[in-house]
Every structure is written in structure tokens, then in C-alpha cells.
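Me: Could you walk me through the labels people put on a model like this one? I'd like to know what sits behind each word.
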Amino acid sequence: MEHDTTLPSFMVGYKNGFLPRQDPIAKLPDRFYVLEYLLQNMPIHLPNGEGGLLAKGQLGDAVKDLPQYDVSDINDQRLLSALFRDYTFLASSYLLEPCDIMYRERKDYGLGREILPKNIAIPLVIIANKLNAFPFMEYALSYSLYNYQRIDSSKPIVYPNLKLIRAFAGTPSEHGFILVHVAMVAHSGNLVKNTMGTLEATQEQDRIKFNNALKNLNDTMTLINQEMETMWERSNSDDYLKFRTFIMGSKNQPMFPNGVIYEGVSEKPLFYRGESGANDSMIPCMDNLLQITSKLPSNPLTEVLKDFRRYRPTNHKEFLDFVQIRAEEVNVRGFAVQDANSTALYLANMDQIRAFRHRHWNFTKEYIIKNTTHPVATGGSPIVTWLPNQLGTILDQMNQISQTINYNRLTPENKIIVDEIINKANAQERVLKREVEFLKQKFGPSQDRVVV
């Protein structure tokens, strides 16, 4: 059904995983010529070396000439997804253009625009309603997973075979930042397949099938983490803040103290979260499968994590809910701990979650905390305490699981693996606590204010 445009672009499967079923549309149809032209000339750095509209602070004036396109007749899901990507890119750029200008001059964001003009707001809301999405930039739909083009469509989705469709800064670092995410999610088909295999093996109480599924799951997560590690070489940490401004949301951000009025849509200000790695579906899938989600602490930081779930594509949400419910029904964790070597494989997968979250935390420290004192992340969560809430949980759960293992029943290979994992986790837990306490002093009481 790859060419059926009546079906949603995002449908979870063994082939595409969490990527869209079809490659995104790179260029809008001719009826949207002005919108296409505006987006191509918007980035700070254009491909020809010149500065674009954002570089000159001219986007606000240019938007005045944009027609208010009638999109009510469009039902092609692939085109709707491309338009959603493009209108959210334009909306974010328009609202945050003053913040970007001020940040370049004073290293302070100031205030964004409080009114989204109707020629952007009305089509965006209509499209968002058709897609059952929020009318603001969402991580999975617009900024990463629907923002790539394969250079050679006959070749697999791998980093060297990708280029950006839309950009804010138009720099190599922005290119790398976005497309590393796409390359990671390109492995998610096997993640979905082995998630289903794990659930089926648990239901059947098939130990061999269960262990094979966990091993394959671990191998897949290893590849995803290896792709993630390439971020360091593909996106310079010193360049990140040059495009980070445009992925901020309007919820719990000082740039939008009064929210945003969508002209022609709502007289009441609206508040939406910005980009966040929390909107990715891979780690939540692992959390749900291994029954980690239910172990998260009951606090406002966890409530923010739940809030982010609402921003995912509908099919992603439905699949993740299914995995969580089914894993609890068949009790994946309970079946794993009945056998020492199964528990070792279960622990190895927990370690992959730890590695992912630890790398994300390291990115946050190096790309953001090192270079700015802005107290909230792009999604509106506290910059210091939020990621450690999830990382601390997986470290604690790894410690608990390790205590259930009967070492005498482990294979020699698994004894080595378990020892390495536990030693690493224990050391990391101690370091994380020290880091958070130190950074909370740097950022002050802002880290205790959590807006759900």
C-alpha cells in the first residue's frame, strides 16, 4: 500500500518502523509556488552562499505577501504531511525571528511575535485537524522524520544518502543534527519486529524464542546507539545554538509569556510545546516493552513526559499504548527474571536504554548547558532536572534487576556482560547525582518550576 495516499503517512510497520510509509514530498505542487519560494529563500544561509530572509530579518515583511491558501479540498495524506511540515517551519520561523535576531546580537532571546497571521494560521490549523496533529512544530512529523530526501531513491535510508528538504540555518551542523535522527529511526523497523517477537514469545512462554527476540532487539538498539554517536562528528556543538532558537515552543518559554494568538482561528492565546527528543518513539517503545514506564517516579517531571506523548503521530501513540498494555498483560519482565540468562539479555536491553539516555544527557551538557544559561529546554522542560529524571529511573531499575540474577546459572559470557553493565551503571548513577546537584546551583530555582 506504499502508493496509497488515502492512508496516513505514519503507519508503524516492519519495513518503515516509525518513519513515514513513503519518502516525503521535497517540493510542493505549483499551486503553492509562493509558499515554496518563501521557504527556499528563508534560511539564514542559502546554498549559493548568500544570506536568506532570516539572516536579514526580512521574513516578517515577506510573509505579508503570502496568499492565504485554501487547503480544505486536500485529502492526499502525503501532501498534507508535506504542507504540515512546511507551514510549521514557516510558523516557527515567523514567531521566533525577533528572538533569533536578538540572540545573535545580545545572547538573549527577548520576546517572540505573539500573533500568527491568518495566512499561516488558518491553513496550518486546517491541515493539523486533518492529520489529528497540533498546529505547531512537532518533532516526529516536521523537524526530522518528514524533512529528508533520499539522493538516490533506489538506495536504503542511510546518512550519506540523505539531504534536507527544509532548514532554518542552512548549515552543515543543522544538516547533521536532523539527518542523524532520520538515520537512527531507519533501524526502527527491526525494533518494531523484535518488540512484537518479544511479546509473542512471552505469551507462548517460549524461552528460546524469547531469548532470540531479546538478542535481536539488543543488536538493533546497538545500531541505533551507534548512529546516535555520529552526532558528535556530523553536528558541531558550537553551531547548535545558531538554529536552536527556531525549535522552541510557546509553552513554558519566557519568549511567549502570553502564548500565541492564531489569527482567524482563536482569540484565546494558545500554548504548544516545542521540539524534544522525548517525542521520539523508539525509546518509549523500549520503556513500554520492558515495563520501565510504570516505574517512573510520580512527579511533575514524569507528567511532562506524558504530556509529550500527545504530540506524536496517532499511529505511533496507538502502537506505543498497545505495547505498554500487552507487555503488562503477558508480563515480559516477570518471564525474563524466571531464567538467569534471559534476565541477562533483559538487562542488556535496559543498558541500551541507559546508553541512549546517557548520550542524550551528554549532548545536552555539551551542546546547550555549556553554551547558554537559558533555563528551559526547547520543549519547555527544565534543562537540568528533566532528562536525569528518566536516566535515573533506568539506572535504578537496572540495579534492581541485577539483584534478581542467580550468577551460578549464567553462562561464562553472560557473567562478564552482567558485571560490566552493573559496574558501569553504578558509577554513572553516582556521577549523575553529583552533576545534577552542581548544575541546579548554576541554574537556580528555575529547575524546580515544572509546567505540566
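Reply: Sure, helices first: a helix here is a DSSP run of H or I with at least four residues, numbered from the N terminus. This is a predicted model, where local features need pLDDT of at least 70, side-chain atom pairs count only at pLDDT 80 or more, and totals for chains, interfaces and linings use all residues. Residues are numbered from 1 along each chain as its sequence is written, and side-chain values use heavy atoms, with hydrogens and water left out.

Me: Which helix gives the largest share of the lining of the largest cavity?

Reply: H16 does, with 6 residues. Lining residues have an atom within 4 Å of a cavity point, and a cavity is a set of points on a 1 Å grid, over the protein atoms alone, where a 1.4 Å probe fits but cannot get out. The lining has 31 residues, and among those nearest the centre are Phe 177, His 360 and Thr 364.

Me: What makes H9 and H16 roughly parallel?

Reply: Their axes cross at roughly 15° and come within 9 Å. Axes are lines fitted to C-alpha atoms over the stretch in contact, with angles from 0 to 180 degrees between N-to-C directions. Angles under 35 degrees count as roughly parallel, so H9 and H16 get that label.

Me: How much space lies in the largest cavity?

Reply: About 510 Å³, where a volume is the space filled by probe spheres set on the points, joined across faces, edges and corners. The structure holds 2 cavities of 30 Å³ or more.

Definitions and conventions
Helix = DSSP H or I, 4+ residues; strand = E, 2+ residues; numbered from the N terminus. Parallel < 35°, antiparallel > 145°, perpendicular 65-115°, else oblique. 1 Å grid on protein atoms, 1.4 Å probe; cavity = no way out; pocket = protein on both sides within 12 Å on 5 of 7 lines; lining within 4 Å.
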